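Hello,

Here is the structure I promised to pass on to you. Have a look at it first, and then read on for what turned up when I went through it.

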Amino acid sequence: MNGVDGGDGGVGGDYYLTVEQEEENADAVYRGIHRLYEGDPAPSSPFAELLNIETGEPLGHSGMSRLVPWEGGSKTAPPNDYLVVITDPRPKSIELRSAVKRLCNGGSGLGVEVLKRTVVINSDTPGENRKFLKKNFAENSVGVEALTVLVDENLEWMREYTALGEKRFSMTMFVLSEGKCQKIARDIDEFVVCNAIKNAVKSVKINKWISLIANDIYDTRSSICKISLVA
């Protein structure tokens, strides 16, 4: 899959990675760099240690199971649902804050349903996060109400998910589903984050449909074979 410059910094069409990101990822695979890759298991337990910005307390096991779809603790999200994570280890990251503003802007094109499945993880204190959101968004703003912001106080989540970068701190996007890292975009730019999320989520959904169709075809063929044998 090749990135196409669609006038938004390199992510256009149905792509969620730029050419540079794809080349960097291929180079990392070639050099055997230790990091999570697409298709690798997505650990659930690190989510339990993330802090709620309203209470300042860790999510704990119950909060983690409600947030992470495949843990089955949500009353609304099915176990095969997806979770988008945008993370940045830099304190008061200008890029991350700009990305949040873009995500919650009504013109982002993501829609509330995607935002409800999106989590922003940073290293700022709960109080600093509340201050930023209060200063930049109107009370009860639809976008911000849908988005979840959590704190990785000691960078343990980012360390577990290899989101600290090999050369420098930067912003990373994950799309997690069914216990796996379905899509990963490292060193992502604030200007392309909305398109990257939209296209990555679309790709995950298409892959699920293809998998369902393939399973249906397999089941149908198995049934036909059984009928033929009986006959």
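Helix 2 (60-67) packs its buried residues against strand 2, strand 3 and strand 4. Those buried residues are Gly63, Met64, Ser65 and Leu67. Before you go further, please keep in mind that this is a predicted model, so every value below was computed from predicted coordinates.

Helix 2 also has a part in the largest pocket. At least two residues of that pocket's lining come from each of helix 2, strand 2 (82-88), strand 3, helix 5, helix 6 (142-146) and strand 4. The pocket has a volume of about 860 Å³, and 36 residues line it. If you want to find its centre on screen, look for Lys116, Glu145, Leu147, Thr148 and Val149, which lie nearest to that point.

There is an enclosed space as well. How many cavities of 30 Å³ or more are there? The count comes to 1, with a volume of about 90 Å³. Its lining consists of Ser93, Leu96, Arg97, Val100, Val120, Asn122, Asp124, Asn129, Phe132, Leu133 and Val149. Helix 3 (94-104), strand 3 (118-122) and helix 5 (126-136) are the elements that give two or more residues to this lining. Val149 is worth a second look, since this residue is named in the cavity lining and also among the residues nearest the centre of the largest pocket.

Now to the charged side chains. The structure holds 10 salt bridges, and I will walk you through a few of them. One joins Asp81 and Arg117, with N and O 2.9 Å apart. Asp81 sits in the loop between helix 2 and strand 2, and Arg117 in the loop between helix 4 (112-115) and strand 3, so this pair ties together parts that are 36 residues apart in sequence. Asp81 is buried, at 9% relative accessible area, whereas Arg117 is partly exposed, at 21%.

A second salt bridge links Lys116 with Glu113, where the closest N and O atoms are 3.2 Å apart. Both ends are partly exposed: Lys116 has a relative accessibility of 47% and Glu113 one of 43%. Lys116 is the residue you already met near the centre of the largest pocket.

A third one brings together the side chains of Asp187 and Arg168, at 2.8 Å from N to O. Here Asp187 lies in the loop between strand 6 (180-185) and helix 8 (193-230), and Arg168 in the loop between helix 7 and strand 5 (172-177), so the pair ties together parts that are 19 residues apart in sequence. Asp187 is partly exposed at 42% relative accessibility, and Arg168 is partly exposed at 48%. As for shared partners, salt bridges join Asp81, Glu113, Lys116 and Arg117 into one network.

Which side chain of opposite charge is nearest to the buried Asp152? That is Arg159, but it is 7.1 Å away, and Asp152 has no salt bridge. The cut-off for a salt bridge is 4 Å between nitrogen and oxygen, so a gap of that kind does not count. You will find Asp152 in the loop between strand 4 (148-151) and helix 7 (156-160). Leaving aside residues up to four places away in sequence, Asp152 touches Leu50, Ile121, Asn122, Ser123, Trp157 and Met158. Of these contacts, Asn122 appears in the lining of the largest cavity too.

Another acidic residue to look at is Glu128, in helix 5. With residues up to four places away in sequence left out, Glu128 touches Lys92 and Arg97. The C-alpha atoms of Glu128 and Ile53 are 8.8 Å apart, although 75 residues separate the two along the chain.

Finally, a word on the cysteines. How many disulfides does the structure hold? The number is 0. For Cys104, the closest cysteine sulfur is that of Cys194, and at 9.0 Å it is too far for a bond. Cys104 counts as buried, at 10% relative accessibility, and Cys181 also counts as buried, at 0%.

Happy viewing, and do write back with any questions.

Best wishes

Terms used. Residues numbered from 1 in each chain as written. Predicted model: local features only at pLDDT ≥ 70, side-chain atom pairs only at ≥ 80, totals over all residues. Heavy atoms only, no water. Disulfide = S-S within 2.5 Å. Buried < 20%, exposed > 50% of the residue type's maximum accessible area, 1.4 Å probe, protein only. Helix = DSSP H or I, 4+ residues; strand = E, 2+ residues; numbered from the N terminus. Lys, Arg positive; Asp, Glu negative; His and termini not counted. Contact = heavy atoms within 4.5 Å. 1 Å grid on protein atoms, 1.4 Å probe; cavity = no way out; pocket = protein on both sides within 12 Å on 5 of 7 lines; lining within 4 Å. Points joined across faces, edges and corners; volume = space filled by probe spheres on them.
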